[in-house]
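Let's walk through this protein together, one feature at a time. Have the sequence and the coordinates open as you read.

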Amino acid sequence: MPFLTPHSDIRSLTALGSDRWCFSPITWSDRKPELSRVCARQRRTASNGVALDLKNRKDPRLSICTADELHYASVPKSEWSLALWRYLPSSKAEPRNHPLLLLSGLATNAIGYDLSPESSFARYMSAQGYDTWILEVRGSGLSTYGMDLGEVKQPLNAMSKQTRSSVKHERKTGAFANSEMSLNGPYNMGFKSKAFKYHWRGSTSSSHKVCGLPRAFSTTLENFQKQLDLIVKFDWDFDHYLEEDLPVAMEYIRTRCKPKDGKLLAIGHSMGGILLYAMLSKCSFQGRDSGLASVATLGSSLDYTRSRSSLNLFLPLADPAQVLNVPVPFGALLAAVHHLATRTHVLSWLKPQVSAQDMQPELYEKLVLNNFCTVPTKLLLQLATAFQEGGLCDRSRTFFYKDHLCNSNVPILALGGDQDLICPLEAIYETVKVIPEELVTFKVLGEASGPHYAHYDLVGGRLAVDTVYPHIIEFLNRHDRK
């Protein structure tokens, strides 16, 4: 099992020594690729989805999407349509055999993978020749509830003036002004296709007053009622992502890209990596092919019981949320903490959770204010089992995902940051150690004298292009050729 090990406790855990790899910096094929824009023109694709060309920004709300294409894939037997951001491979790069799927962490959207043209994991991968897709699972980003894919323009045009003004504000400040009440974060479409119709009905001239109340107050009541209506829709857990969202997205990408062997490459950050581990385990147990040629995980583990993860601080949120049956608004909480940090010492706690490097202030603010959304209590409660004996288990609490990972035959690259407070190295090792040595490569980023790597530095840190991405590209290229 190869390791890249700085001075850390991981040595005593593994006792397998270390090797050190040296890489030359990799530059972009297209250093500053021109970002595509949104247009309302749509293309029908497979029977379960629709694609939007992003060439002209006809809809301000979709201007958040900086990908080349935006796709929607519908989840069978549900009203969810999952957003897929697509970054087309550079014509200057070597052609690749497999498309690449990127999965984000808990309560996050696609922005973390494409924070800016100069700090874009997704753009970097597409510049290396990979047809790159970011999945936004249900409840995050531009994924939508109650969206009619046959009439995809309808929800996009049903935008309130209030939201339009917030988009204009975002363009000026670089951070979305969340002026409209939303459970899903600053730009999440979430339930908009139905919610906006409700909003408009409550905003007509005949509805400016409710029971004689002033318009502003009646609008507040209507918005509050709308939020109560939406709460009941936050009714999914980790297994919904694993058994429904991820397979739908993979099948959609296979249909679009048609890889010869029918397989995808996949990278997961944080919970995204947990999803990939769980999928490999489940497929191994069931004796079926996972459809993955190789997997890279960034700051992910199935078992946090022997680590001092800072996620322990959020576990108490699940109990009162369960009693009250309300979702947990991570986006609003982090935004509040961020604003509080400008006046107190809270920043000394929050920032190290994100980055151990000197992240540009405007990018850090954009990440904190725009990358997080609301999650259901059920999801938190299931993920909390990762902190209990045996590690993460399914909703029935009878299937432990770590137990069957040893039977997987998919090559895995596991990356960890030496100062990752959310997923410490000892947590990653608890998962890595059960994988056959010939199939896993565990690399630790960071040196005793610096630089250091926290949770997000593995995706979009200041030094990621030169020190993190080369490990991933070397691994992907090796298994893409097979």
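Which aspartate meets the side chain of arginine 395 in a salt bridge? The partner is aspartate 237, with N and O 2.8 Å apart. Keep in mind that you are looking at a predicted model. This pair joins distant parts of the chain, 158 residues apart. Arginine 395 belongs to the loop between helix 13 (377-383) and strand 13 (412-417), while aspartate 237 sits in the loop between helix 6 (215-231) and helix 7. Their surroundings are worth a look too: arginine 395 is partly exposed at 43% relative accessibility, and aspartate 237 is buried at 6%.

Now step back for the overall picture. The protein has 482 residues, and 59% of them count as buried. Its secondary structure consists of 17 helices and 14 strands. If you take the contacts with a separation of 6 or more, 75% of them come from residues 24 or more positions apart. On the outside, the protein exposes about 19,900 Å², with carbon and sulfur atoms supplying 54% of that area.

Back to the charged side chains. There are 15 salt bridges in the count. One of them pairs aspartate 245 with arginine 138, whose closest N and O atoms are 2.7 Å apart. Aspartate 245 is part of helix 7 (residues 238-257) and arginine 138 is part of the loop between strand 7 (132-136) and strand 8 (144-145), so this bridge ties together parts that are 107 residues apart in sequence. Are these two partners buried or exposed? Aspartate 245 is buried, with a relative accessible area of 0%, and arginine 138 counts as buried as well, at 4%.

Another salt bridge brings together the side chains of glutamate 430 and lysine 433, at 3.1 Å from N to O. Here glutamate 430 is buried, at 7% relative accessibility, whereas lysine 433 is partly exposed, at 41%. You can also look for a network of salt bridges, which links Glu69, Arg86 and Asp131.

Next, let's turn to the empty space inside. Rolling a probe the size of a water molecule over the atoms shows where empty space is left. How many cavities of 30 Å³ or more does a search of the whole structure find? The search finds 4, and the largest cavity holds about 730 Å³ of space. This largest cavity is lined by 37 residues, and the closest to its centre are Leu106, Ser270, Leu311, Phe372 and Ile422.

Which helix gives the most to that lining? The answer is helix 11, with 4 residues. Several helices each supply at least two lining residues: helix 8 (271-286), helix 9 (315-324), helix 10 (330-341), helix 11 (347-354), helix 12 (361-370) and helix 13. Sorted by class, the lining of the largest cavity has 26 nonpolar residues, 11 polar residues and no charged residues.

Helix 13 leads us back to the loop that follows. Histidine 404 lies in this loop between helix 13 and strand 13. At 19% relative accessibility, histidine 404 counts as buried, because the cut-off is under 20%. Setting aside neighbours within four places in sequence, histidine 404 is in contact with Ser281, Ser284, Phe285 and Phe399. Arginine 397 lies in the loop between helix 13 and strand 13 too, and is partly exposed, with a relative accessible area of 46%.

Arginine 397 also brings us to the backbone. Most residues other than glycine have a negative phi, and most peptide bonds are trans. Arginine 397 has a positive phi, near 65°. Alanine 107 has a positive phi as well, of about 60°; this residue is found in the loop between strand 6 (100-103) and helix 2 (121-127) and is buried, at 7% relative accessible area. As for the peptide bonds, the one from glycine 450 to proline 451 is cis, with omega near 0°. Proline 451 is in the loop between strand 14 (440-445) and helix 15 (457-460).

One last stop is glutamate 79, in the loop between strand 4 (69-74) and strand 5 (80-87). Glutamate 79 is partly exposed, at 36% relative accessible area. From its C-alpha to that of aspartate 148 the distance is 8.8 Å, although the two are 69 residues apart in sequence.

Conventions
Residues are numbered from 1 along each chain as its sequence is written. This is a predicted model: local features need pLDDT of at least 70, side-chain atom pairs count only at pLDDT 80 or more; totals for chains, interfaces and linings use all residues. Side-chain values use heavy atoms; hydrogens and water are left out. Buried means under 20% relative accessible area, exposed over 50%, partly exposed in between (1.4 Å probe, protein chains only). Contact means heavy atoms within 4.5 Å. Accessible areas come from the Shrake-Rupley method with a 1.4 Å probe; for residues, only the protein chains shown count as cover. A salt bridge is a side-chain nitrogen of Lys or Arg within 4 Å of a carboxyl oxygen of Asp or Glu. On a 1 Å grid over the protein atoms alone, a cavity is a set of points where a 1.4 Å probe fits but cannot get out, and a pocket is an open set with protein on both sides within 12 Å along at least five of seven lines; lining residues have an atom within 4 Å of a point. Grid points are joined across faces, edges and corners, and a volume is the space filled by probe spheres set on the points. Ala, Val, Leu, Ile, Met, Phe, Trp, Tyr, Cys and Pro count as nonpolar, Asp, Glu, Lys and Arg as charged, and the others, Gly among them, as polar.
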